[in-house]
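Student: Got a minute to go through this one with me? I'd like the overall picture before we get into details.
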Amino acid sequence: MQEGRLFKILYHLLNKGHATAPELAEKLEVSVRTVYRDIDALSEAGIPIYTETGRSGGIYLMSDFVLGKTMLSDKEKKELIAALQSLAITGDETYESGLLEKLSALFSAPAESWFEVDFSRWGNETRDRQFFELLKTAILKHRFVKLHYAGTSSAFTERKVQPVKLIYKSRAWYLNAYCLERQDYRLFRLSRILDCELLDEGMELVPPPQSQDTSAQKYTKYTFRFSKEATYRVYDEFGPEFVKRQENGDLLVNVWMPEDEWIIGFLLSCGTQVEVIEPVSLKGILADRAKKIYEKNKP
């Protein structure tokens, strides 16, 4: 508990330059006396922290203090800067643009931009980031959200949910939320959320067990044979451990996946470059869909 407070005090001083004891006491929800004890503990740990009296007085760090030399290894410094870079990329409105530069200077380590993450879809950047920010707010403030959602089987539903966590999985963002209609936890793919509204109400939730399958989906074993021309598409969707290359260059894929409309659309998009080996029932589904596509688009 105290270690967490000490780091918060240090972070606040690094970020703001200085603070008063009553200001820190209010921020940390402790007494002024506790704040002064924490300041003594930081000083004993070798942090060059001092106080000044008078109207402009307060608690300060020595101006030449470098956090990285005292508390963090070179690896930890780089990981922290990378985490801040990813936070900035999400468009988080609470992110202070100068913080990354400040820490880079304090660490004497440049913020090398070696990666970029953009979770928004092509042409949909503003809307996707607004949804992300709204859902983040709902999670942190334990608020309900009303979702307009495009589910499977052409079902458009309106759900009242309390978001718990945002999850990035297999190149897509998902929302883990407690659904009032189902009285259970469910996963919602963010790209299928057509609209969402932050509500004023909320409730205390018991988090789901770590082992719980929140998607409540049935998994099926699939076996596909792809022609070598579809190699890039195979590795776009399936890990190398599920792919076995054949002597003629074809790729045999064995994988367990949820029964979902996505797999049908993906296989149809591969056209004649894929053969379904199992389940046999999927062959009929694809043939029927292909026939309907032909009938709808025949000249």
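Tutor: Sure. This is a predicted model, and its secondary structure comes to 10 helices and 12 strands.

Student: OK, and what share of the residues is buried?
Tutor: Of the 299 residues in the protein, 38% are buried.

Student: What about the accessible surface, how much of it belongs to carbon and sulfur atoms?
Tutor: Carbon and sulfur atoms hold 52% of an accessible surface of about 19100 Å².

Student: Switching to sheets. In what order do the strands of the open 4-strand sheet come?
Tutor: The order is 10-11-9-12, and the pairing is antiparallel.

Student: Which strands stand at the edges, then?
Tutor: Strand 10 (243-245) and strand 12 (274-278). Each has a single partner strand, so one side of each has no neighbour in the sheet. From one strand to the next, the twist averages 25°.

Student: And how many bridges join strand 9 to strand 11?
Tutor: There are 8 bridges between strand 9 (residues 219-226) and strand 11 (residues 251-258), running antiparallel. As an example, arginine 225 has leucine 252 in strand 11 as its bridge partner.

Student: Now helices. Which strands does helix 9 lie across?
Tutor: Helix 9 (residues 261-270) lies across strand 9, strand 11 and strand 12, at about 5° to strand 9.

Student: What does helix 10 touch?
Tutor: Helix 10 (residues 280-297) packs on the sheet and touches strand 9 and strand 12. The direction of helix 10 makes about 140° with that of strand 12.

Student: Last one: among contacts between residues at least 6 apart in sequence, what share joins residues at least 24 apart?
Tutor: That share is 55%.

Methods. Residues numbered from 1 in each chain as written. Predicted model: local features only at pLDDT ≥ 70, side-chain atom pairs only at ≥ 80, totals over all residues. Heavy atoms only, no water. Helix = DSSP H or I, 4+ residues; strand = E, 2+ residues; numbered from the N terminus. Buried < 20%, exposed > 50% of the residue type's maximum accessible area, 1.4 Å probe, protein only. Contact = heavy atoms within 4.5 Å. Areas by Shrake-Rupley, 256 points an atom, 1.4 Å probe, with all protein chains shown as cover. Pairing = 2+ DSSP bridges. Axes fitted to C-alpha atoms, helices over the stretch in contact; angles between N-to-C directions.
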